[in-house]
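Subject: Handing over a structure

Hi,

Here is the structure I promised to pass on to you. Have a look at it first, and then read on for what turned up in it.

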Amino acid sequence: MQATAAPKTRFQPTRVAPETFLIHEHQGEGEGPVSVALNTMVIRAAEPVVVDTGMAEYGDQYLDDVFSLVEPQDVRWVFVSHDDVDHTGSLNRLAGACPNATLVINWFMVERMGRSLEVPPTRWRWIGDGESLDVGDRVLHAVRPPVFDSPTTRGLFDPTTGVYWASDGFATPMPTPVPDVAELDPTGWLEGMAMFDQYVSPWLLLVDDAKFQRTVDRVKALAPTTIVGCHTPVIGPTHVGAALDATRRVPSMTVPPQPDQVVLEAIQATLGAAA
Ligand SMILES: [Fe+2]
Ligand SMILES: [Fe+2]
């Protein structure tokens, strides 16, 4: 017998700053104890920018949301923060639908994606950490977040709005999907961030703390007004300071262990009972 899936929460794209929109997606709702955001972003600059492309399985909704904000032929840049599947899922589809778009990637992303990247080199721009991208009415800065799980990672900072796209940084699971971290329990939010950070970046336990703190200092020095990312609800102006402070503490935090074989067997038993 097939269980009836609970209806999925749907958030319309959220305006996080002038001409800047977060596209919401998530997975895990109704399946596990938490769900995880899978967001992307659109900046309607003079030369419009799409930031990350979500997971392939949500591509239809993703493209509908992107093109509710910007016409396909107007998309000039597709900034890909790194090569993980939850950031590149609709990359080829998006590039195919947007003939004037150039992919903002880097050399190592090309190497790691191999033939899964179907967009030809004539449509690439390689931008590394610390470099910038002129999009007509503003210059965006590629800044690697303190926490990341691919060597190709760069975040994206827009100095005209103060919005920082943190890629996998500042991430947290959600008990139920919410659009803004203000709707999360404050303690659960920050404990969840520590857990998420250590799961995706176990090397945090190995780093020289002074050097790690400088990576947080670097983001703080941008004076971001809003932090957004793939795996976090919006971190608005009243919560940016807490997010930065919490990130500083992550390497010394104790977090719950990841689900193991015992958990898997419990899931399998549930599936067997439902079959
Ligand atoms: Fe990642
Ligand atoms: Fe991710």
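What spacing do the donors of the iron ion (ligand 1) follow along the chain? The spacing is H-x1-D-x64-D-x18-D.

Before the rest, some housekeeping. This is a predicted model, where local features need pLDDT of at least 70, side-chain atom pairs count only at pLDDT 80 or more, and totals for chains, interfaces and linings use all residues. Residues are numbered from 1 along each chain as its sequence is written, chains are lettered from A and ligands numbered from 1 in the order in which they are written, and side-chain values use heavy atoms, with hydrogens and water left out.

The two iron ions

Back to that site, now with residue numbers. The iron ion (ligand 1) has as its protein donors His-82 (NE2), Asp-84 (OD), Asp-149 (OD), Asp-149 (OD) and Asp-168 (OD), at 2.0 to 2.6 Å. Asp-149 is listed there twice, each time with OD. A donor here is an N, O or S atom within 2.8 Å of the metal (3.2 Å for Na, K and Ca), and since water is not among the atoms, sites may look incomplete. Both His-82 and Asp-84 are buried, where buried means under 20% relative accessible area, exposed means over 50%, and partly exposed is in between (1.4 Å probe, protein chains only).

The iron ion (ligand 2) sits 3.4 Å from the iron ion (ligand 1), and Asp-168 coordinates both. For ligand 2 the protein donors are Asp-86 (OD), His-87 (NE2), Asp-168 (OD) and His-231 (NE2), lying 2.1 to 2.2 Å away. Along the sequence these donor residues are spaced D-H-x80-D-x62-H. The arrangement counts as irregular because the four donor atoms subtend angles of 82 to 169°. For reference, four donors are tetrahedral if all angles lie between 85 and 135 degrees; four are square planar and six octahedral if opposite donors are over 155 degrees apart and all others between 65 and 115; anything else is irregular. Asp-86 is buried at 13% relative accessibility, and His-87 is buried at 0%.

The chain as a whole

The chain has eight helices and 15 strands; these are DSSP runs numbered from the N terminus, with helices (H or I) of at least four residues and strands (E) of at least two. The radius of gyration is 19 Å, close to the 19 Å that the globule rule gives for 275 residues, so the chain is as compact as a globular protein of that length. That radius is taken over C-alpha atoms, and the rule is 2.2 Å times the number of residues to the power 0.38. The C-alpha trace spans about 55 × 50 × 35 Å along its principal axes. Of the 275 residues, 51% count as buried.

One sheet to look at

There is an open sheet of six strands, in the order β10-β11-β12-β13-β14-β15, with mixed pairing. Its edge strands, β10 (132–134) and β15 (232–235), each pair on one side only. Two strands pair if DSSP finds at least two bridges between them. Strands β14 (residues 226–229) and β15 run antiparallel and are joined by two bridges. In that part of the sheet, Ile-227 stands opposite Ile-235 in β15.

A few loop residues

Most residues other than glycine have a negative phi. Glu-19, though, has a positive phi, near 60°. Glu-19 is in the loop between β1 (14–17) and β2 (20–23), and at 35% relative accessibility is partly exposed. Phe-170 also has a positive phi near 60°; its loop runs between β13 and α5, and at 2% relative accessibility Phe-170 is buried.

Pro-177 lies in the loop between β13 (163–165) and α5 (186–200). Pro-177 is buried, with a relative accessible area of 10%. Not counting residues up to four places away in sequence, Pro-177 touches Thr-9, Phe-11, His-26, Glu-29 and Ser-35, contact meaning heavy atoms within 4.5 Å.

Finally, Ser-90 is in the loop between α2 (85–88) and α3 (91–97) and is buried at 0% relative accessible area. Leaving aside neighbours within four places in sequence, the contacts of Ser-90 include Thr-53, Gly-54 and Tyr-62.

Cheers
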